Amino acid sequence: SVPPGVLPLCRQLLAWGRAPRQPPGLPLAQCRAFSNNKIMVELDESSGVATMKFKSHPVNSLSLDFLTEFCISLEKLENNRACRGVIITSAVPKIFSSGLDITEMCGKSTEHYAEFWRAVQEMWLRLYGSNMVTVAAVNGSSPAGGCLIALSCDYRIMVENPKFSIGLNEAQLGIVAPFWFKDTFVNVVGHRVAERSLQLGSLHSAPEAHRLGLVDELVPDEKLQEKTGAVMAQWLALPDHARQLTKSMMRKAVLDRLVAHREEDIQNFISFISKESIQKSLRLYMEMLKKKKG
Amino acid sequence: SVPPGVLPLCRQLLAWGRAPRQPPGLPLAQCRAFSNNKIMVELDESSGVATMKFKSHPVNSLSLDFLTEFCISLEKLENNRACRGVIITSAVPKIFSSGLDITEMCGKSTEHYAEFWRAVQEMWLRLYGSNMVTVAAVNGSSPAGGCLIALSCDYRIMVENPKFSIGLNEAQLGIVAPFWFKDTFVNVVGHRVAERSLQLGSLHSAPEAHRLGLVDELVPDEKLQEKTGAVMAQWLALPDHARQLTKSMMRKAVLDRLVAHREEDIQNFISFISKESIQKSLRLYMEMLKKKKG
Amino acid sequence: SVPPGVLPLCRQLLAWGRAPRQPPGLPLAQCRAFSNNKIMVELDESSGVATMKFKSHPVNSLSLDFLTEFCISLEKLENNRACRGVIITSAVPKIFSSGLDITEMCGKSTEHYAEFWRAVQEMWLRLYGSNMVTVAAVNGSSPAGGCLIALSCDYRIMVENPKFSIGLNEAQLGIVAPFWFKDTFVNVVGHRVAERSLQLGSLHSAPEAHRLGLVDELVPDEKLQEKTGAVMAQWLALPDHARQLTKSMMRKAVLDRLVAHREEDIQNFISFISKESIQKSLRLYMEMLKKKKG
């Protein structure tokens, strides 16, 4: 039920269809906008469970390339009858995903902003609307768009490290989470927690995130894989068809809302992000990040 | 405001109008689709409180007969000015109600499915929209449609026995709770708990149900009656008119949604239940239940 | 975005524009419907934080005069670029606000009811939709309309005195909270808590209100000012523009609903309040209050 997007390109070039760990090199000239080295995908055909492991150093930021690869990978799994569930996790220490790549939103053309935003929408439409069981194994910090990925799954397990934080902190950057980020958040934590957290741009430590219901469970790092597998098995014990119809019933209203307002949402993003004041605060934020690293 | 249903039949035959415990035998030929021995109704005119006690052995399953009797009984009380509140409970040990009677959904005609589903809708419209104070005294397990009855009351007290469970477990049977079961559930436990519980088809033990807000209170078995009476008295202390308008304000959106889509919902039920795959999984489930008993 | 109201009158007469503690006497003949001695407003320009302190003895009831002064004060602050946040609290011991002034609803003309109700709506539209950060420092009991004021702020801190209570207790008086009171309440505490609390007309003690999420935090009386200032500083640390857009995104649906049905809501109020049965129960309630005092 996901509407046609910009992303079903290069699909036929992907070689990892039936769980090959190392896709052969792609003819890059034919696939400019795409790289397949930002996410490692493994499918265990015996259990029907795939793992998507983000490995885009240094912080798994959601660039256009990353989003494109994410969507193609997810679509491949969605269409693969051997795959019933996906675990989403990170191969980068301490970071699940840092969220939308700010460089994609700074000093670029209107066309680029449109393409980028459409890819962000596409990612969410496919993940939130996925027919597969989706479990986020949040093994590091997960601000903004990284949090959205976790929120869009069916279940969230987070490593109990209090240094890891998660939240929709857009307001801290002077920007505003779009309505469908908000809708997804409200569906998980309720209106009041969302209202306060979004206005403050809060990043919640793992224990606090658990208390608020933003994540379902905390585990020690060394138990994450075992626990994630157990949760996935519990969800896969249900008949697919009934589970999928139930999931769709719960999420349809919110998915339909973006589908109905997709172009408008892109125009809103472009006009907001093109403002000089916003560009300035994003540049300041990026400089702050660079200094932090240095 | 409940729309005209199929059920105002045989009403005039009912003899228990003013709290007779033992209705006289009915001329069965005149009342084929109806029996009045599945629910015991007592009205205490001094307090204005009626008790509807399910006594349809072995498991108080919601057959067409049961639903018809339930609706007629409720309508009688609704129209009786001496009655301001209803306590719903079970006379069958360990079971509140096992939910919709699967035999009504297996190997029957399209007409039968339509009649049955309309009776299920009618039951919910009357109970969720009742002007009376409704308290569920859940003294046994209460899966699926049994859980819906409890969710549709104003207040839920459950016996704290951890062996008693409650939940909308339709997904376990390979079927899907209809949208108005879901709406009722979301209104009680919120979107997130409902999404997870419905997808997993969870049956929650009494303590867990209390933690999730699915029931309001747990009591030891021997305190159930006393506590139920005290809660009812608390609710009846409010002026009826203000309380009824407030209740209607809270529930109207969800009630109106079924009223607006009632025929469509019946057609959906028929086409879903008529599928060979669904019929097969219901037959398997019934065989499993029979073996369990054996 | 607040629609034009009845209240932008006498505005030019107000002398406290830039934080004067003692507004000069007003030529009363020119400003019949208005008094500016019910709320003390102070603006600290260094922090950008104003305090609105209710000082309308004996119980800060929301009379037409009080509401008018409240709206004018709020509008002044809203339009003052030096003001970014407002703390709402009481100068009357043990009472935050007792809610709508019942004398305005008893034995008056239809025109008076209309004017009064429009002022109640206006107060809520301005406060719930305020661009400023609004923090309620609830230092006393806060039933009905007093609770609504607290619910409409961004954050609620209550003195932990268990004798102080808060809630939408309209049902206790035989009247019904309007739909936008209900919407505001549901946005804070969720559907289930609201449904139960509104039907029972519950007044929750401070600890219970905190447990239900009706207030965000409890503090000892002597810490209230310090804590309120700290919370305000936390909210003001966010860039105004992003915070305001986020707040509007969260509250717009509910605000729009009243704007769309404003005249209808006034007519409903008039026809409800004009009923002899309602007038009678309000008179009884007022007599009870008088006896209590005596």
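Lay chain B on chain C and you get an RMSD of 0.0 Å, using a turn of 120° and a shift of 0.0 Å along the axis. The two copies are therefore related as by a three-fold rotation axis. In chain B, the C-alpha nearest that axis belongs to B:G190, at 4.2 Å. Keep in mind throughout that this is a predicted model.

Now try the other pair. Chain A goes onto chain B with a turn of 120°, a shift of 0.0 Å along the axis and an RMSD of 0.0 Å. In chain A, the C-alpha nearest the axis is that of A:G190, 4.3 Å away from it.

What comes just before A:G190? Helix 4 of chain A does: A:G190 follows this helix and has a positive phi, near 90°. Helix 4 covers residues 179–189, and 10 of its 11 residues are buried, so the rest of the structure largely encloses it. Among the buried ones are the aromatic-ring carriers A:F179, A:W180, A:F181 and A:F185. The list of buried residues also takes in A:K182, A:D183, A:T184 and A:N187, along with A:V188 and A:V189.

A:V188 leads us on to the next stop, since it is one of the residues that A:R156 touches. A:R156 sits in strand 9 of chain A, which runs over residues 155–159. Is this arginine buried or exposed? With a relative accessibility of 0%, A:R156 counts as buried, because the cut-off for that label is under 20%. Its side chain has a polar atom 3.2 Å from the backbone oxygen of A:L151. Leaving aside residues up to four places away in sequence, A:R156 also touches A:A136, A:A150 and A:L151, then A:L214, A:V215, A:D216 and A:E217, and B:R192 of chain B as well.

For a contrast, go to A:K292 in helix 10 of chain A, residues 276–293. This lysine has a relative accessible area of 68%, so it is exposed. To get a feel for distances, pair A:K292 with A:L125: they are 167 residues apart in sequence, and their C-alpha atoms lie 34 Å apart in space.

Back to the chain boundaries, this time between chains B and C. Here 20 residues of chain B are in contact with 21 residues of chain C. Together the two chains bury about 1800 Å², with 63% of it on carbon and sulfur atoms. Which three residues give the most on the chain B side? They are B:L238, B:M249 and B:M250, which supply 34% of the area that chain B buries against chain C, more than any other three residues.

There is a polar side to this interface too. The rule finds 3 salt bridges across it. C:R196 forms a salt bridge with B:D216, with the closest N and O atoms 3.9 Å apart. Polar contacts turn up in 6 residue pairs across the interface, counting those with both residues at pLDDT 80 or more.

Which parts of chain B do the touching? Strand 9 (155–159), helix 4 (179–189), helix 7 (224–236) and helix 8 (240–260) of chain B each supply at least two residues of the side that touches chain C. Helix 8 of chain B gives the largest share, 9 residues. Sorted by class, that side of chain B has 10 nonpolar, 4 polar and 6 charged residues.

Conventions
Residues numbered from 1 in each chain as written. Chains lettered and ligands numbered in written order. Predicted model: local features only at pLDDT ≥ 70, side-chain atom pairs only at ≥ 80, totals over all residues. Heavy atoms only, no water. Contact = heavy atoms within 4.5 Å. Buried area = accessible area lost by both parts, 1.4 Å probe. Salt bridge = Lys/Arg side-chain N within 4 Å of Asp/Glu carboxyl O. Polar contact = N/O pair within 3.5 Å; in protein donor to acceptor, adjacent residues only side chain to side chain. Helix = DSSP H or I, 4+ residues; strand = E, 2+ residues; numbered from the N terminus. Nonpolar A, V, L, I, M, F, W, Y, C, P; charged D, E, K, R; others polar. Least-squares fit on C-alpha atoms with pLDDT ≥ 70 in both. Buried < 20%, exposed > 50% of the residue type's maximum accessible area, 1.4 Å probe, protein only.
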